[in-house]
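Let's take a walk through this model together, starting from a single side chain and working outwards. Keep the structure open beside you as you read.

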Amino acid sequence: MRRLIPALMIAAFLWWRPLAAADRPRLVVIVVVDQFRADYLSTFASHWRSGFKTLLAEGANFRRAQYPYLHTDTCAGHATVGTGTLPRTHGMVSDTWWDRDTGRQIGCTEDEAAPPVTYGRPTTVGASGRRLMVPTLADRLREQRPGARVVTLSLKARSAIGLAGHAGDVVLWFEDAAMAFTTSRAYASAPVPAVKEFIDRSPYEKGLGTIWTLRDPAGTYRNRDAGVGERPPAGWSALFPHELKGVKDADAQFAGQWRRSPQADAYLGRLAISLIDAYGLGQRNTTDFLGIGFSAVDTVGHLFGPDSREVEDVASRLDDTLGALIESLDAKVGRANYVLALSADHGVAAIPSAVNGSGRVAGEDVRDRVEEVLRGRYGVPKTGSHVVSNVEGDLYLAAATQMRLSGDPAAVRSVQAAVAMIPGVQQVLYTPGLSDKSPDPIVRAAAWSSVASRNGDFITLPKRDWLLTGRNSVNAASHGTPYDYDQRVPLILFGGGIRRGSFDGPAAPTDIAPTLAAVIGIDMPKVEGRLLNEALVAATSSTR
Ligand SMILES: [Zn+2]
């Protein structure tokens, strides 16, 4: 016993040491708000009277949180939050990539070996965490805490799966093609009774015929209605109010509107509360995990842009949804018994406009220019083309071309010079040349985003404020760059073990999983985030 004393004395001098087992929270909650840019917390602050107000007043707010990598999109962001690692390590480099083995584009969670299990109309698209190359916090929790339950919900498979990882009790998403909530065999062999009961009792189709009106008096909105460049979904104009109506009934047009309305977030919030009850999350003698990916700020933001009244309102209504969630957690679990993190998977750029001198760049134009340069140099290939795939300006080369180019730096330079002539293109990165040790921050950001077998040979970087997208994309605005508007996101910790305050030290979404793991006493080796120990309450009693 005496020999332990020096060790304990050293521990007493450390800034923070783990909470005693009895003091640890019994529920981890991660909330990721898709496309919620960091500045929204202050830009829309006049609307906060519920969830965001509580989080800002009583949580630990990391005001400089930022993703460090280039491809700021949904799959990469959720996997980063879920695992505490960067895309180069967890492997979810972007929403979609070209699979060189099968010769086709695949979604990051697509998995034919995990057939869908649907709560509505049949669907053919299976999904799993098979391509996620490291365990999530939730995976570690299941390993280390017998009986731990893992529940994750989102409108998007890549959000629910990025938070849950490789297994879970409820891993649920909305399948757009089937217009139905779905999971897969990776997570359940049949519909989960607690979820089925909720969906049967209150199907989302009940929203048919309802009207999306402003939550607050019109005069309190800073963003104008019907702004320049908005692209409302089928059946809506750019002006409030928006009626959720199908062409005939609860059809594809209605589902498209519902996904792009505050109702989608409110629905997930209510489902989460009902599952806290059904599973007794945080109310048993173990630690549970609840992950929610709220998607409506993103689905609305893509069509109406970040400066729209629609985004301002969907964020305001999320304030109510978060408030109800926190109230329910406080009542059922107790504030000291859960620890919550709120962040986003990425931000967003304004709708490009002549006003700020920006516009749209088509990935196809970049592809065509690269093909042209390579044909000029190597001739027309016997079959197919030099560039075999283009995923939002990530260009994949045929194996033979790839080989030739690797020994031909002059050709790489001429490709880069030719593409840089396209209006709106900042530069084209050649991925074999990427290094996380580079003095160039863009090269480092691209290296952290890349897994050689999954990324393109060339990555196109648009100029600041320009939108790089597919020629036929319906998006008015998007994200995916290493610019601050895409990288900067909220990061708030709240609840048991957390000290309130504002913190201006460096922070990133990679820090969420290791910090939560430390609060609940779970081992999380090989993470790339840091422990946000300035926000942690020091242990009060001696270690037990
Ligand atoms: Zn998005």
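Start at Phe181, which counts as buried at 3% relative accessibility. Buried here means under 20% relative accessible area, exposed means over 50%, and partly exposed is in between, all with a 1.4 Å probe and protein chains only. A word on ground rules: this is a predicted model, so local features need pLDDT of at least 70 and side-chain atom pairs count only at pLDDT 80 or more, while totals for chains, interfaces and linings use all residues. Residues are numbered from 1 along each chain as its sequence is written, and side-chain values use heavy atoms, with hydrogens and water left out.

Phe181 has aromatic company. Phe181 and Tyr204 form an edge-to-face pair, at 6.5 Å centre to centre and 80° between the planes. Rings of Phe, Tyr and Trp (its six-membered ring) pair if their centres lie within 6.5 Å; planes under 30 degrees apart count as stacked, over 60 as edge-to-face and the rest as tilted. This pair links distant parts of the chain: Phe181 belongs to strand β8 (residues 180-184), and Tyr204, 23 residues away, is in the loop between α8 (193-201) and β9 (211-212). Helices (H or I, at least four residues) and strands (E, at least two) are DSSP runs, numbered from the N terminus. Tyr204 is buried, just as Phe181 is.

How many aromatic pairs does the structure hold? There are 22 aromatic pairs. Among them is Phe174 with Phe181: the ring centres are 5.1 Å apart and the planes sit at 75°, so this pair is edge-to-face. Phe174 is buried too, with a relative accessible area of 2%. Zoom out a little, and Phe174, Phe181, Phe198, Tyr204, Phe254, Trp258 and Tyr267 form one aromatic cluster.

Now for the metal. Which residues are the protein donors of the zinc ion? They are Asp298 (OD), His302 (NE2) and His479 (NE2), lying 2.1 to 2.2 Å from the ion. Donors are N, O and S atoms within 2.8 Å of the metal (3.2 Å for Na, K and Ca); water is not among the atoms, so sites may look incomplete. Along the sequence, the donor residues follow the spacing D-x3-H-x176-H. Asp298 and His302 are 4 residues apart in helix α11 (residues 296-304), which means that about one helical turn separates them.

Both of these α11 donors are buried, and they have plenty of company: 9 of the 9 residues of α11 are buried, so the helix is largely enclosed by the rest of the structure. Just after α11, Gly305 takes a positive phi of about 85°.

Next, look at how α11 packs against helix α12 (residues 309-332): the angle is about 170° and the axes are 9 Å apart. Axes are lines fitted to C-alpha atoms, for helices over the stretch in contact, and angles run from 0 to 180 degrees between N-to-C directions. Angles under 35 degrees count as roughly parallel, over 145 as roughly antiparallel, 65 to 115 as roughly perpendicular and the rest as oblique. The two helices, α11 and α12, are therefore roughly antiparallel. Ala296, Val297, Val300, Gly301 and Phe304 of α11 make the contact (heavy atoms within 4.5 Å) with Glu310, Val311 and Val314 of α12.
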